[in-house]
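Please look through the model shown here, beginning with its internal space and then turning to a strand and a loop.

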Amino acid sequence: MPVNVTKDSIDIGLVTGNIEVMTIFYRDRLGLPEEAVLDMPGGTTMTRLVCGTTIVKLLSHAKTPEVANPPGGIGGGTGIRYFTITVDNLDEATAACQAAGHKIAVTPREIRPGIKISMIEDPDGNWVELLQPS
């Protein structure tokens, strides 16, 4: 039996070894409002950030896991390699992230008529695609 979807978006959880720099990137650089900081079972802390109807959950364990995602975005491995945020200020947001020292993995470009993207690497090596329709 298929799931009965009740929300028009999915939420995403990112486990990090450095919650402070990840929060600065997502909250301060990308401008996602902080909804809550929650203590979870087992010594995990979750910082919840709002992105439209999506919640970006940054999780920090009391003991950082030894294994991490391989770097390199789309070409770095299998699994979830990036996620997309649709914006109306792609050039400005990308430039602000670059000025703050974040790696721009894909510079702003039109990938098909009416669709422009850039990809920014977060402090843990995850790629965030910014997409702007014209």
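A cavity is a set of points, on a 1 Å grid over the protein atoms alone, where a 1.4 Å probe fits but cannot get out, and its lining residues have an atom within 4 Å of a point. The model is a predicted one, in which local features need pLDDT of at least 70 and side-chain atom pairs count only at pLDDT 80 or more, while totals for chains, interfaces and linings use all residues. Residues are numbered from 1 along each chain as its sequence is written, and side-chain values use heavy atoms, with hydrogens and water left out.

The structure holds one cavity of 30 Å³ or more, and the largest cavity encloses about 40 Å³, a volume being the space filled by probe spheres set on the points. Its lining consists of N69, P70, P71, I80, R81, D124, G125 and N126.

Strand 5 spans residues 82-86, and along it F83 and I85 point to one face and are buried, whereas Y82, T84 and T86 point to the other and are not; buried means under 20% relative accessible area with a 1.4 Å probe, protein chains only, and strands are DSSP runs (E) of at least two residues. Five bridges join strand 5 to strand 8, residues 127-133, and the two run parallel, with L131 of strand 8 as the bridge partner of T86.

H102 lies in the loop between helix 2 (90-99) and strand 6 (104-112). H102 counts as buried because its relative accessible area is 15%. Leaving aside residues up to four places away in sequence, H102 touches F25, R29, C97, I120, E121 and P123, where contact means heavy atoms within 4.5 Å.

Terms used. Buried means under 20% relative accessible area, exposed over 50%, partly exposed in between (1.4 Å probe, protein chains only). Helices (H or I, at least four residues) and strands (E, at least two) are DSSP runs, numbered from the N terminus. Two strands pair if DSSP finds at least two bridges between them. On a 1 Å grid over the protein atoms alone, a cavity is a set of points where a 1.4 Å probe fits but cannot get out, and a pocket is an open set with protein on both sides within 12 Å along at least five of seven lines; lining residues have an atom within 4 Å of a point.
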